[in-house]
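Got the viewer open? Switch to cartoon view and we'll take a short walk through the model, one selection at a time.

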Amino acid sequence: MSGLIVDRVMPGSIAEELEIEPGDRLISVNGHPLRDVIDYNYHSADDLLDLELEKADGEFWELEVEREEGEPLGLSFEAPLPARCGNNCVFCFVHQLPKGLRGPLYVKDEDYRLSFLYGNYVTLANIGRVELDRIKEQRLSPLYISVHATDPKLREDLLGKSGILPILDVMKELAEARITMHTQVVLCPGWNDGEAFARTVEDLASMHPAVASLAVVPVGLTEHRKHLPPLTPLTREFAASFIGEWSSKARFLEERLGEPFLFLADEFYIKGEIPFPPLESYGDLPQLENGVGMIPLFLSEAEQVLEEAEPVPGARVTVVTGESPYNYLSGFLAQLSEATGASVVAVAVKNRLFGPSVTVTGLVCGRDIISALQGVELGDLVLVPDVMLKEGEGVFLDDLTVDDLERELGKPVQVVESTPYGIYDALADMRE
C-alpha cells in the first residue's frame, strides 16, 4: 500500500492547522503516490500542494495547501524499512557476529535511500534500471558507495554475487546526472590490494569531482569467523608498508585533483604505529564517519580544550574506551588532569565479545566494560562514549543499558560525546 504514516506533527505548523494527526496516512502529493519520505520531500517542494490523506478512522481527505516559499508543512515520518542485502561479501561483518546480540544487528541492509538520507555505504549491486532512473530524476546526492574493486570479476568475487552491473558503468551514469559520490574500499590483503587497488584508485580518481573522495579501511575480522573464506588480518608490517606507499601517492593525487581525495583510515596509522598527518590534509573531513580523521580531529580539539580548561579540583573521573584510541585519549586526559586539578583516567576495554583483533570504541559492549572495570578505583563518575550505544535508545550491543552498568559498578555512569569537549563538559559540570 502506498503512502506514509504520519509519525509526528510539528506544533503550530500548517499540518496542525489542517488537523493532520499522527497515525494518518499521506497517500499522495500533487497526484504523485508516495513510496517513502524521499518521494515526499521531492514532490512537496512546491508552494501549492494538493494532498490526499487517509485518516486513522479510514476517512479520506483531500487538502489544498498554499504556503510561503520554504515554509515547512510540519510533518515527519518514520525512516523507510531498509532493503535487504543480496550480497554475500567475503568480509561481511554480520557473518562474523556471535550469538546473543540485538536482533537488528543480524539484518544486512543494502538501500540506496539510506545512503542518501543517512550516509550509509551501499554497493549498488542490488539495484536495476528503475532505481537508477529514480536516483537521477530525484537527484539523490550525495551517495556513499562501497566499491572495493573496479575490476568486474574481482568485485563479484568480493561481493559474492555474479551478474551485477559493472560499478564503473553505474557510476559514470550517475556522474553524468551530476550525482556526487563518496566511495570506500574495504582492503583485504591478498584480494584487492596491490595492482588491483592501484587500478581502483586510478579509475575512481579519473571520475573526480563527481567522485569526491575515496576512503580505504582495513578489513575487520572477529574470532567468530567460521566456515568463511580465509582473510588476512591487518598487521603492523602491512599497515606501515601501505602507509609508506600510499600516503605519498595521496599527496600526489591531491596536487593533481586540487583537493584531498584518497584517505587512509585511522586504523592504518594506529596499527602501523605511524604518526598521523596534519588535520588539514583531511580537507573538510568527508570520510569522518568512516573512521578517517577521527584521531587527528580529536587531537586538534584536545588542544583547544586544554587552552580553555578551568580548575575542577578534587574531581575523580574514569573514561572507558576501546584499545585503538587508548594512547591518544590517555595522553589528553593526563594533560587535562594537570590543567584542572582533577583526576581523569582512561581504561581500555578489551573486546571479549568479538575477540582481541577488534579494538575500536564503537564495538565495545556493556559486559566487557563491566569486566574491564572490576577492581578499578573508579572515582566519582564513569564516562561512556556515545558511540558505544545505539543512538536514541541507550542500549549497548549486548542489550545492557546504562542503568545496568550503574547497578553493576555501583557508580554513576554518564554518556558523553566522543570528543574532548564531551569529556571536559562532563568534568566541568562537577563544579556545580
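Start with the open sheet: its 4 strands come in the order β7-β8-β9-β10, with parallel pairing. Keep in mind as you look around that this is a predicted model.

Now pick out residues 143-146 and 262-264, which are β7 and β10. These two sit at the edges with a single partner strand each, so one side of either strand has no neighbour in the sheet. Look across the strands for the twist: on average, neighbours in this sheet are turned by 20 degrees against each other, direction ignored.

Next, zoom in on β8 (residues 181-187) and β9 (residues 211-218). The two run parallel and are joined by 7 bridges. For one of the pairings, click L187, then find P218 in β9, its bridge partner.

Time to add a helix. Select residues 236-257 to bring up α8, which packs on the sheet. Which strands does α8 touch? It's β8, β9 and β10, and the direction of α8 makes about 155 degrees with that of β10.

Last stop: the inside. Searching the whole structure for cavities of 30 Å³ or more turns up 1, and the largest cavity holds about 40 Å³ of space. To see what surrounds it, show side chains for T150, D151, P152, R155, E156, I164, L165, P166 and I167. Helix α5 (residues 152-159) supplies the largest share of that lining, with 3 residues. Colour the lining by class and you should get 5 nonpolar, 1 polar and 3 charged residues.

Definitions and conventions
Residues are numbered from 1 along each chain as its sequence is written. This is a predicted model: local features need pLDDT of at least 70, side-chain atom pairs count only at pLDDT 80 or more; totals for chains, interfaces and linings use all residues. Side-chain values use heavy atoms; hydrogens and water are left out. Two strands pair if DSSP finds at least two bridges between them. Axes are lines fitted to C-alpha atoms, for helices over the stretch in contact, and angles run from 0 to 180 degrees between N-to-C directions. Contact means heavy atoms within 4.5 Å. On a 1 Å grid over the protein atoms alone, a cavity is a set of points where a 1.4 Å probe fits but cannot get out, and a pocket is an open set with protein on both sides within 12 Å along at least five of seven lines; lining residues have an atom within 4 Å of a point. Grid points are joined across faces, edges and corners, and a volume is the space filled by probe spheres set on the points. Ala, Val, Leu, Ile, Met, Phe, Trp, Tyr, Cys and Pro count as nonpolar, Asp, Glu, Lys and Arg as charged, and the others, Gly among them, as polar.
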